[in-house]
Amino acid sequence: MIGAGLAGMRVGINSMLKALRQNPHALETAWISFITFDSRAELKSPLQSIDEAQPPRLLVRPGTSLGSALMLLAERILKEVQRNQSGGAKGDFRPIVILITDGQPTDDWRSALRDLNSTVKIANFYAIGCGDDIDFAGLREMTDVVLNLHQTDEHGWAKLFVWISDTVSTASRGVSDGDEREVMLSKLPDVIEKVDDSNMPYSSDDGRARQLFLSALCGKTKQPYLMRYRWEPDYGVYVPAASHIMDAETCDFSTRAGAGLPQVNSREVDGCPPCAYCGNMSAGSCGNCGTVFCGSSRQPDGTSVCPGCGGILRSGGGGRDFKIKASEG
Ligand SMILES: [Zn+2]
Ligand SMILES: [Zn+2]
């Protein structure tokens with residue numbers, strides 16, 4: 001997840017934990033675990049009581065490895081959620097899964113979903129999409145409860161997490177009553193809409209990624225950032241949407257060099273968003289190492305020093321045909 005969504009989510013998770021800690025039922029019965037997924041899936045914290053749970057560190061990284069996340073989820077549920085024992089001892093309540101995503105899956109999630117459904121039992125699976133690039137049809141294949149967070153500022157996120165807190169609290173009351181009935185959907189706030197076949201947002205079926213991410217280095221600061229593009233079907237090109245500062249500590253060299261990011265035909269990319277650090281409106285790529293970098297690397301004599309490999313590039317020479325120019329109007 002990237003950009004504004006991430007900031008809102010950090011605040012939202014904090015307030016959710018706070019709300020759950022003030023709820024005696026939740027405090028007694030609800031446990032929580034966090035898994036993040038970007039270029040890979042990562043267990044941020046194992047299943048813990050609400051008391052012990054800490055908000056996960058969320059980092060800006062490209063990719064939506066939903067399949068890996070579902071596999072990790074199945075693995076953790078098998079390991080951490082106690083099933084009913086044959087001797088009659090009651091196991092844990094079935095888990096509630098809340099999936100929040102702002103992108104299109106970038107790996108094979110369907111086989112992971114089949115494995116998940118065949119190995120573990122989940123009480124409720126809520127899939128929540130936020131932003132413009134959600135594959136809602138895909139989310140509908142995952143679960144009946146697909147929600148669209150259409151207000152993605154901090155207020156929207158706050159309301160979403162209040163709703164999640166309510167839902168978890170309701171579920172935890174169900175447990176203490178010894179009642180295994182299905183968890184009811186708490187009343188949705190106005191910023192969330194339930195998505196079904198009648199109001200499915202537009203979703204292209206040509207298999208093309210609606211978002212494109214290119215990792216780049218600033219020519220001035222040598223720091224990594226992400227250039228985000230949006231597919232413009234009417235023109236058949238990716239147009240610049242925004243740049244996002246990438247968390248440097250998590251940005252290994254393979255990510256810098258563009259490995260793991262989708263291959264893109266340069267003719268399908270029109271222009272570039274301004275550098276997230278220095279605001280330079282142009283960018284180019286290194287013919288030696290493939291690094292994409294902002295135009296601040298340009299020297300007065302017209303050459304550029306690649307911030308990736310240190311190679312000196314002549315203007316119009318070295319770079320592959322990665323024509324990135326300032327976008328027009
Ligand atoms: Zn720059
Ligand atoms: Zn280079």
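**An open sheet and a zinc site**

In this predicted model, 5 strands come together as an open sheet, running in the order β9-β8-β7-β11-β10 with mixed pairing. Strands here are DSSP runs of E at least two residues long, and helices are runs of H or I of at least four, both numbered from the N terminus; two strands pair if DSSP finds at least two bridges between them. The edges are taken by β9 (237–245) and β10 (283–285), each with a single partner strand, so one side of each goes without a neighbour in the sheet. From one strand to the next the twist averages 40°, with axes fitted as lines to C-alpha atoms and angles between N-to-C directions running from 0 to 180 degrees.

As background, strands of a sheet pair through backbone hydrogen bonds, either parallel or antiparallel. For β7 (residues 211–217) and β11 (residues 292–294), the sense is parallel, over 2 bridges. Leu217 sits opposite Phe293 of β11.

Now for the metal. The zinc ion (ligand 1) gets its protein donors from four cysteines, namely Cys218 (SG), Cys275 (SG), Cys278 (SG) and Cys294 (SG), at 2.3 to 2.4 Å. Donors are N, O and S atoms within 2.8 Å of the metal (3.2 Å for Na, K and Ca); water is not among the atoms, so sites may look incomplete. Angles among the 4 donor atoms span 102 to 115°, and the site is tetrahedral (four donors, all angles between 85 and 135 degrees). Along the chain, the donors are spaced as C-x56-C-x2-C-x15-C. Distant parts of the chain are linked by one pair: Cys218 belongs to the loop between β7 and β8 (224–232), and Cys275 to the loop between α7 (253–256) and β10, 57 residues apart.

Cys218 and Cys275 are both buried, meaning under 20% relative accessible area, with exposed set at over 50% and partly exposed in between (1.4 Å probe, protein chains only). Cys218 comes out at 0% relative accessibility. Cys309, at 41%, is partly exposed. As for disulfides (cysteine sulfur pairs within 2.5 Å), the structure holds 0.

The loop between β7 and β8 also carries Lys222, a non-glycine residue whose phi is positive, near 60°. Most residues other than glycine have a negative phi. Lys222 is partly exposed, at 46% relative accessibility.

Residues are numbered from 1 along each chain as its sequence is written, chains are lettered from A and ligands numbered from 1 in written order, and side-chain values use heavy atoms, leaving out hydrogens and water. Because the model is predicted, local features need pLDDT of at least 70 and side-chain atom pairs count only at pLDDT 80 or more, while totals for chains, interfaces and linings use all residues.

Note on methods: Tetrahedral: all angles 85-135°; square planar, octahedral: opposite > 155°, others 65-115°.
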